[in-house]
Amino acid sequence: MNKSHPVFSPMIQGYWRMAEWGMNTQQQYAFVQQHLELGITTVDHAPVYGPDSACEKMFGQVLALDSSLRDKIEIVSKCGIYRGEGKQVNHYNSSKAAIIESVEQSLMRLNTDHLDVLLLHRPDLLMDADEAARAFEQLKAAGKVKHFGVSNFTPAQFDLLQSRLEAPLITNQVEINPVNLQVTEDGTLDQLQKHRVQPMAWSCLAGGTIFSDSSEQAIRLRETLVQVGEEIGADCIDQVIFAWVMRLPAKPVPIIGSGNIQRVQTAVGALQLELSNEQWYRIWVASKGHGVA
Ligand SMILES: NC(=O)c1ccc[n+]([C@@H]2O[C@H](COP(=O)([O-])OP(=O)(O)OC[C@H]3O[C@@H](n4cnc5c(N)ncnc54)[C@H](OP(=O)(O)O)[C@@H]3O)[C@@H](O)[C@H]2O)c1
């Protein structure tokens with residue numbers, strides 16, 4: 001990984017749902033090997049994935065099986081969300097002490113000495129940008145985190161934190177899918193394109209609901225995705241959706257949520273597909289239920 005510009009794989013494997021995949025450590029290790037073979041070297045984690053941070057812990061056990069694995073992957077993890085036992089309410093905390101403590105815990109669970117990328121998971125109304133920046137500086141100086149970014153931030157929140165940092169924030173990880181067009185409309189993707197910062201796209205398949213939802217929007221979307229898929233030679237509508245996300249000019253890097261390696265392979269196939277402007281807008285129109293002006 002280049003020092004100032006991290007290199008991600010063209011798609012990222014997400015591990016939010018890992019605890020639901022019903023795999024033992026050997027099967028998880030095989031899954032990691034398989035997505036590495038498909039060219040997916042970047043993995044996405046967070047302390048809040050799985051009960052009691054189960055997903056980071058499981059991944060740490062996988063890394064402990066093979067000492068050569070860590071150098072083949074880039075690990076993204078996050079900090080800032082506090083929920084569960086012992087908390088009166090779920091809340092955010094991006095104080096310097098909380099950020100540093102959260103990273104220390106992630107490193108221990110993941111069995112590694114560094115994260116490639118740390119993201120502030122959600123905008124914290126109490127974030128003091130100077131303090132968060134000092135936490136980043138300390139973690140970077142200690143070699144514990146190489147790069148920093150944010151997730152679910154508005155452009156103003158992104159700019160505020162960036163104004164206190166010397167190194168560029170390297171991403172804003174946001175929800176992008178044909179059901180939820182928010183970041184295409186509220187300036188989030190425009191700002192990232194302006195700064196040439198690649199977003200990471202979460203829930204590209206709307207958490208799987210796009211395949212099963214009975215709303216009129218979902219039905220229209222499925223019909224159009226099937227038609228466009230036939231035109232571009234896609235194997236299934238999953239591929240069309242990933243191609244639709246990647247067609248955005250901010251160049252989002254999709255995070256794959258599936259624990260099924262066939263579906264991961266299918267997703268990677270979307271890298272070979274290209275949508276025309278009109279095909280992209282047909283999917284947009286299907287989502288909106290009306291045409292452009
Ligand atoms: N920063 C944030 O706030 C944030 C929030 C949410 C997620 N994320 C990250 O983004 C990653 C991806 O999010 P996501 O898991 O919501 O992604 P997603 O791709 O939208 O949804 C994945 C779900 O869809 C199912 N699925 C996939 N293909 C399917 C098909 N053809 N038919 C039916 N179901 C299908 C998967 O089941 P199978 O496993 O059975 O294939 C899985 O349950 C997460 O792992 C996490 O790393 C970040």
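**Exercise 1. Describe the largest pocket: its volume and its lining.**

Solution. The largest pocket has a volume of about 670 Å³. A pocket here is an open set of points on a 1 Å grid over the protein atoms alone, where a 1.4 Å probe fits, with protein on both sides within 12 Å along at least five of seven lines. Lining residues have an atom within 4 Å of a point, and the volume is the space filled by probe spheres set on the points, which are joined across faces, edges and corners.

The model is predicted: local features need pLDDT of at least 70, side-chain atom pairs count only at pLDDT 80 or more, and totals for chains, interfaces and linings use all residues. Residues are numbered from 1 along each chain as its sequence is written, and side-chain values use heavy atoms, with hydrogens and water left out.

Next, the lining. Of the 30 residues that line the largest pocket, Trp16, Arg17, Ser203, Gly207 and Gly257 are the closest to its centre. At least two lining residues come from each of α9 (237–246), β10 (253–256) and α10 (261–269); helices (H or I, at least four residues) and strands (E, at least two) are DSSP runs, numbered from the N terminus.

Last, the classes. The lining of the largest pocket has 13 nonpolar, 10 polar and seven charged residues. Ala, Val, Leu, Ile, Met, Phe, Trp, Tyr, Cys and Pro count as nonpolar, Asp, Glu, Lys and Arg as charged, and the others, Gly among them, as polar.

**Exercise 2. Find which element gives the most to the lining of the second largest pocket.**

Solution. Start with the volume, about 480 Å³. Of its 20 lining residues, Pro47, Ser53, Ile81, Arg83 and Arg109 are the closest to the centre. Two elements, β4 (81–82) and α3 (96–110), give two or more residues to this lining. Of these, α3 gives the most, with four residues. The lining of the second largest pocket holds six nonpolar, seven polar and seven charged residues.

**Exercise 3. State which residues have the most contacts inside the largest nonpolar core.**

Solution. A nonpolar core is a set of buried Ala, Val, Leu, Ile, Met, Phe, Trp, Tyr and Cys residues joined through side-chain atoms within 4.5 Å. The largest has 83 residues, and Phe59, Ile99, Leu118, Leu120, Phe136, Leu161 and Leu275 have the most contacts inside it. The largest share, seven residues, comes from α9.

**Exercise 4. Is Asp44 buried or exposed?**

Solution. Asp44 is found in strand β2 (residues 42–44). Asp44 counts as buried because its relative accessibility is 2%; buried means under 20% relative accessible area, exposed over 50%, partly exposed in between (1.4 Å probe, protein chains only).
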